[in-house]
Amino acid sequence: MTRVHQIKVREVVSETAEAVSLIFDIPSDLTRRFQYSPGQFLTLQIPSDRTGSVARCYSLSSSPHCDDRPTVTVKRTPGGYASHWICDNLTPGSLVTVLEPAGNFVPRNWNRDFVLFAAGSGITPVISILKSALATGRGKVALFYANRDRDSIIFARRLQDLFRAYPRRLTVTHWLESERGLPTPRGIAGWAKPHRHHDVYLCGPQGFATTVKHGLAHLRIPERAIHQEEYRSLTDNPFEHHTPALAVLATVAEPIQPSLTTATVTVDLDGETHRLPWPRTEKLLDVLLAHGLDAPYVCRESACGTCVCAVKSGRTRMLMNEALIDEELSQGLTLACQTLPESDDVHVSFDQ
Ligand SMILES: Cc1cc2nc3c(=O)[nH]c(=O)nc-3n(C[C@H](O)[C@H](O)[C@H](O)COP(=O)(O)OP(=O)(O)OC[C@H]3O[C@@H](n4cnc5c(N)ncnc54)[C@H](O)[C@@H]3O)c2cc1C
């Protein structure tokens, strides 16, 4: 995979007793490859005596519009492995193996009004979006941020400074479990009512996400209109690249003709166009990787949105979709890791 690089930790900032930010130095020859959008994440390779390594995604808490260097913020997960390893081992000067920025939790229009929900370390991509919206857009931003107690609020000071700088555009509500108990759907609905026409972005543990979705359902905001980043540990390890065994590769030398078992796909990727046979039971990403193409991917489970591409012509279907909302589906976007062909000829583009 050519999307793997080593970058140096420039600074480690202690955010709370349980969370650190890692500020990276990007060498000048990689600047272009590490350009990112607010809401995207890096995938870090963490060494392990047991498995060689594990891969974990960490959202960028920095904003390309306001911060000089890409930064991720990692909170210790109780009983976890990688998050503790990072907090205990990385220091200024450490080299970290990472994948280039990826992900689809990214607003396309900065002039919208935003309503943002975060809990715990879920603030990481949300603060990147919040800072970017304030710096580049003209809309209002309302943040609902849930934490266990006052000491566990990550970026408390930064949020206060932003509120002082943008008092007319930014609303910040801290919901502390120690003072008010867990948020409830009714509480969420009451808080969100004035913001119900805003674009919704949500990141936090599953229980919190479910509560927010139930709360927003009271306001007739359907789940499929909510942009959500779901934190989970990868089961696959994209650093240990393996080419899936596709029986079809044996016949690749033959002229490409759609058949009962095989469609054809034209793929725009990194400025080049490729035409390949696409077995009707194989997922698009597997086909591309089997042909040695450097298609972007991280989780391969439909969650992270890294392998998103646009269907330009032809018909496809997805086996699973946790990353794309209705609006994106109607624009023809699909997740290569879950996509099968429905028509004989399909044209997809990763170059957007
Ligand atoms: C898109 C995305 C963005 C994210 N952004 C953030 C973020 O900004 N901040 C943040 O804090 N988190 C973020 N996460 C969550 C993060 O990726 C991890 O899931 C989280 O840090 C927990 O990882 P962990 O290894 O500590 O815990 P777990 O994954 O719960 O650790 C337990 C797992 O590690 C395995 N394990 C235990 N010991 C070892 C060993 N020695 N070797 C190998 N495996 C072992 C166990 O078998 C078990 O599977 C994000 C996740 C996603 C998908």
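Hi everyone. Let's start with F105, which is found in the loop between β6 (95–102) and β7 (114–119). Before I go on, please keep in mind that this is a predicted model. Is F105 buried or exposed? F105 is buried, with a relative accessible area of 3%. If you want a sense of distance, take F105 and A133: they sit 28 residues apart in sequence, and their C-alpha atoms are 14 Å apart in space.

Now to the ligand. How many residues surround the ligand? There are 24 of them, and the closest are S48, C57, Y58, S83 and S233. As for the kinds of residue in that shell, 8 are nonpolar, 10 are polar and 6 are charged.

Let me walk you through three contacts with oxygen atoms of the ligand. At S83, a polar side-chain atom lies 2.6 Å from a ligand oxygen. At R50, a polar side-chain atom is 3.0 Å from an oxygen atom of the ligand. K75 uses its backbone instead: a backbone N or O atom of K75 lies 2.9 Å from an oxygen of the ligand. How much of the ligand does the protein bury? Taken alone, the ligand exposes 990 Å², and the protein buries 79% of that.

And where does the ligand sit? The space taken by the ligand is the largest pocket. Several elements give two or more residues to the shell around the ligand, namely β3 (41–48), β4 (52–59), β5 (71–75) and α1 (82–89). Which element gives the most? That is β4, with 5 residues in the shell. So if you are turning the structure on your screen, β4 is a good strand to find, as the element that gives the most to the ligand shell.

Next, two residues with an unusual entry on my list: a positive phi without being glycine. One is R220, where phi is about 60 degrees although the residue is not a glycine. You will find R220 in the loop between α6 (206–218) and β11 (227–229). The other is S302, also not a glycine, with a positive phi near 80 degrees. S302 lies in the loop between α7 (284–290) and β14 (308–313).

How do their surroundings compare? R220 is exposed, because its relative accessible area is 76%, and the cut-off for exposed is over 50%. S302 is buried, with a relative accessible area of 1%.

Staying with loops, let's look at N237. N237 lies in the loop between β11 and β12 (262–269). At 12% relative accessibility, N237 counts as buried, because the cut-off for buried is under 20%. What does the side chain of N237 reach? It reaches the backbone nitrogen of F239, at 2.9 Å.

Now over to α4 and the loop that follows. S178 is found in helix α4, and S178 is exposed, with a relative accessible area of 52%. S178 and K131 are 47 residues apart along the chain, and their C-alpha atoms are separated by 27 Å. G181 has its place in the loop between α4 (177–180) and α5 (185–192). With a relative accessible area of 26%, G181 is partly exposed. How far apart in space are G181 and V267? They are 51 Å apart, C-alpha to C-alpha, with their positions 86 residues apart in sequence.

Our last stop is L329, in helix α8 (residues 326–330). L329 is partly exposed, with a relative accessible area of 34%. The C-alpha atoms of L329 and A102 are separated by 19 Å, and the two residues are 227 apart along the chain.

To recap before we chat: the ligand takes the space of the largest pocket, and the protein buries 79% of the area that the ligand exposes when taken alone. Away from the ligand topic, remember R220 and S302 for their positive phi values, about 60 degrees in R220 and near 80 degrees in S302. Thanks for listening, everyone!

Methods: Residues numbered from 1 in each chain as written. Predicted model: local features only at pLDDT ≥ 70, side-chain atom pairs only at ≥ 80, totals over all residues. Heavy atoms only, no water. Helix = DSSP H or I, 4+ residues; strand = E, 2+ residues; numbered from the N terminus. Buried < 20%, exposed > 50% of the residue type's maximum accessible area, 1.4 Å probe, protein only. Near = heavy atom within 4 Å. Polar contact = N/O pair within 3.5 Å; in protein donor to acceptor, adjacent residues only side chain to side chain. Areas by Shrake-Rupley, 256 points an atom, 1.4 Å probe, with all protein chains shown as cover. 1 Å grid on protein atoms, 1.4 Å probe; cavity = no way out; pocket = protein on both sides within 12 Å on 5 of 7 lines; lining within 4 Å. Sits in = over half its atoms within 2 Å of the grid points. Nonpolar A, V, L, I, M, F, W, Y, C, P; charged D, E, K, R; others polar.
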